[in-house]
Amino acid sequence: MQNHRVVITGLGVCAPNGVGVPAFKEAIETGKSGIRFYSELEKLKFSCQIGGMPLISEAVKSNYFTPLQLRNFNAAGILYGVAAGVEAWRDAGLEISDEQCDFDSGTIFGVGTLGVDKYRESIYKVDEGNTRRLGSTSVQQTMSSGVSAYLGGMLGLGNLVTTNSSACTTGTEAVFLAYERIKAGKAKRMLAGSTSDGGPYVWCGFDALRILPSKYNDKPAKASRPMDADASGFVPGSGAGALVLETLESAQKRGATIYAEIIGGHSNSGGQRQEGSMTAPNPIAVKRCITEAVQDAGISATEIDAINGHLTATSKDDLEIENWSEALGRSGMDFPYINSLKGMTGHCLAASGSIECVASVLQLKHQFLFPNINLERLHPAIAERVAESRIPKVKTPAKLNILAKASFGFGDVNCCLIFKKFQ
């Protein structure tokens, strides 16, 4: 069994508050929200009429797709994923050959729901008896592996090219699976990430569950409130994040910029047992996921400087903090710094983990903590566990060496990664 060191050499992102890494980095440093009001949701009588979707210009589209590829194209998730994935590949300084297949490089690029708008368009045509007018790309725009297939072809990837899907854990899990593949010597490089469609046909089920906030339609930027006493549900979002993972040997041989190192991780399920269910985490499994990730990284829990949490602005935020505290054996002033990106982006569903991994790596590389925006009154149960000074409300310079990132998803699934500043 080989045991290669795995580093991150490229980043790409397509988030509600910033498209492209430079814009995204500035947004998270300044606490910029990407949550907006959508009149379409009001017209469709949604209770929650706000959300987060990346603002994609025609110029950005033309930077990643040819005019021919854009003909009859109507798959936002693939657009987001390709934009983030190709940006990460270019950022890593990797070449794209039009002739040769790169058998050392692959991709694991996850999805939740994909091609919803194209499906809807296709259903209308089929019901009207116009099946032959669907076009030649309707299948690839709606199949679950559409985004990895597009990226595989655009980049000429010859190693594993696949798509994972584990609800809100998808993005973090994709990075973990890519890390394991490289560590085992089965690939030199992997593009890891995830993407999610947005809009009414993705968000409708959550609105029906009454787990989205409805009292902030006139002030959308204030709606997503992780860890706040007045949090009233998660704001739905969409987008994509991508990271190029590579063996240390390959990165150093190329003279690549190294953003950070992944030193361990773990994924598991709570089996929907004990307190776990389709929509709620089993705390035993969550704590086990964290402790086994720490063990896999070969570090002590006391070495973790910061946590980028899942923290969705629901009633489960205080339970997540309790799980972190008990798993790490740390509380009060001894608790690591912790923040949640979802105050700025909303909950980007299957894309959340990968976008948050990009944010985590940027914090390590540039030695800062982004603010927990909209945190005005810390939830009392969280205040009992964690000193408020460990939950930054403004951008905070910090000496960060090790950062833990976790995601928890519907179906009672969990994943935790341990990132380290590259030495």
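Me: Is asparagine 374 buried or exposed?
Reply: Happy to help! This is a predicted model, where local features need pLDDT of at least 70, side-chain atom pairs count only at pLDDT 80 or more, and totals for chains, interfaces and linings use all residues. Residues are numbered from 1 along each chain as its sequence is written, and side-chain values use heavy atoms, leaving out hydrogens and water. Buried means under 20% relative accessible area, exposed over 50%, and partly exposed in between, with a 1.4 Å probe and protein chains only. Asparagine 374 has 9% relative accessibility, so the residue counts as buried.

Me: Where does asparagine 374 lie?
Reply: Look among the helices (DSSP runs of H or I, at least four residues) and strands (E, at least two), which are numbered from the N terminus. The place of asparagine 374 is in the loop between β12 (368–369) and α16 (380–383).

Me: Which sign does the phi of alanine 313 have?
Reply: Most residues other than glycine have a negative phi. Alanine 313 sits in the loop between β10 (306–308) and α13 (317–328), and its relative accessible area is 0%, so alanine 313 is buried. Although alanine 313 is not a glycine, its phi, about 75°, is positive.

Me: What radius of gyration does the chain have?
Reply: This radius is taken over C-alpha atoms, and the globule rule is 2.2 Å times the number of residues to the power 0.38. For 423 residues, a compact globule would come out near 22 Å, and the chain agrees with that, at 20 Å.
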